[in-house]
Amino acid sequence: MGDLLTSSEQRKSAMESVADWYESNVLLRVGAIACAPPTHGITAILDVGILSTFAFLRRSRLRAFMSELTVLNLHPSEEEVRSKEFLEAYLATASKVVETKREEKIRLFSHLFWNYWRDANFTPETYDIYEEDLRIIDELGYREFVVLSILYKYETNTIKSVGDNPLQFARKFWKDFEIEVKESTDIEANELEGYLQGISRTGLYQPITGAYLDYGGGLGYLTPRFQKLKSRLKHNPT
């Protein structure tokens with residue numbers, strides 16, 4: 001990393017330079033594959049065309065990530081960019097970004113990176129937690145995140161009475177929650193239970209279980225893990 005910056009790159013910001021370096025490695029890898037013999041009956045011309053398009057998409061996604069960090073006003077110094085913690089976090093995040101199709105999800109990666117850098121500068125103590133959050137966002141579909149965010153809105157805006165158990169609390173808003181999920185994601189109410197069961201794999205959502213009177217299942221609540229992740233994805237400039 002010591003000779004990462006060339007004389008021409010010194011006029012750019014440290015963040016732009018490390019992005020260019022990562023991008024060049026992406027293109028070099030794709031270029032090496034393009035020079036290999038075509039396989040599975042794909043002609044050499046078609047093979048190179050597909051790989052060129054693939055390289056363009058990966059580069060565009062990386063630039064979208066960088067643009068969002070610029071909007072978030074992330075301007076680490078060159079010394080900070082050269083640090084082991086910063087490079088490890090940046091490369092781990094960029095590797096997820098270039099495989100992501102949705103621009104909205106790329107913004108989530110950007111906000112996560114920005115918040116951890118602002119609050120902790122990626123210390124060894126926080127990096128493990130960052131990797132866990134990064135993995136959750138990577139595994140979580142964007143529509144799944146939308147559903148969880150809608151549930152978060154209802155849980156936050158609904159008054160919880162003293163003595164309410166999780167089921168009693170969820171029943172106060174669940175019908176409205178189902179309606180908004182249908183309007184926002186096209187997930188029908190009769191599909192939502194199975195959909196949320198799938199999301200529970202992330203540890204962000206917990207189905208309500210137990211022998212409650214007149215309860216046939218299907219409701220649940222957000223875990224403290226989601227609350228923490230959600231706070232990491234907010235842009236709080238102060």
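In this predicted model, a polar atom of the Thr 223 side chain lies 2.6 Å from the backbone oxygen of Gly 203. Thr 223 sits in the loop that separates strand S2 (220-222) from helix H11 (224-232). Leaving aside residues up to four places away in sequence, Thr 223 touches Gly 203, Leu 204, Tyr 205 and Gln 206. Gly 203 therefore appears twice in the surroundings of Thr 223, once as a contact and once through its backbone oxygen. Is Thr 223 buried or exposed? Its relative accessible area is 12%, and because the cut-off for burial is under 20%, Thr 223 counts as buried.

The loop that holds Thr 223 belongs to the last part of the chain's pattern, which can now be read from its start. Along the sequence the order of elements is α-α-α-α-α-α-α-α-α-α-β-β-α, giving 11 helices and 2 strands in the protein chain. The two strands thus follow one another in the pattern, with a helix on either side of the pair.

The chain has 238 residues, of which 43% count as buried. Its exposed surface comes to about 13,200 Å², with carbon and sulfur atoms supplying 53% of that area. Contacts can also be sorted by separation along the sequence. Among those between residues at least 6 apart, 70% join residues at least 24 apart.

The interior can be followed through the largest nonpolar core, which has 57 residues. The members that touch the most other members are Phe 113, Tyr 130, Trp 174 and Phe 177. Helix H5 (residues 103-120) provides the largest share of this core, with 8 residues. What surrounds Tyr 130, not counting residues up to four places away in sequence? Its contacts are Ala 89, Thr 93, Leu 112, Phe 113, Tyr 116 and Phe 122. Phe 113 is thus both a contact of Tyr 130 and one of the members with the most core neighbours.

Helix H5 returns when empty space is considered. A search of the whole structure finds 2 cavities of 30 Å³ or more. The second largest holds about 30 Å³ of space. Its lining is made up of Lys 105, Leu 108, Ile 137, Leu 140, Gly 141, Tyr 142 and Phe 145. Two elements, H5 and helix H7 (142-157), give two or more residues to this lining. Helix H5 is accordingly found both in the lining of the second largest cavity and as the source of the largest share of the core.

Terms used:
Residues are numbered from 1 along each chain as its sequence is written. This is a predicted model: local features need pLDDT of at least 70, side-chain atom pairs count only at pLDDT 80 or more; totals for chains, interfaces and linings use all residues. Side-chain values use heavy atoms; hydrogens and water are left out. Helices (H or I, at least four residues) and strands (E, at least two) are DSSP runs, numbered from the N terminus. Buried means under 20% relative accessible area, exposed over 50%, partly exposed in between (1.4 Å probe, protein chains only). Contact means heavy atoms within 4.5 Å. Accessible areas come from the Shrake-Rupley method with a 1.4 Å probe; for residues, only the protein chains shown count as cover. A nonpolar core is a set of buried Ala, Val, Leu, Ile, Met, Phe, Trp, Tyr and Cys residues joined through side-chain atoms within 4.5 Å. A polar contact is a pair of N or O atoms within 3.5 Å; within protein, one must be able to donate a hydrogen and the other to accept it, and residues adjacent in sequence count only if both atoms are side-chain atoms. On a 1 Å grid over the protein atoms alone, a cavity is a set of points where a 1.4 Å probe fits but cannot get out, and a pocket is an open set with protein on both sides within 12 Å along at least five of seven lines; lining residues have an atom within 4 Å of a point. Grid points are joined across faces, edges and corners, and a volume is the space filled by probe spheres set on the points.
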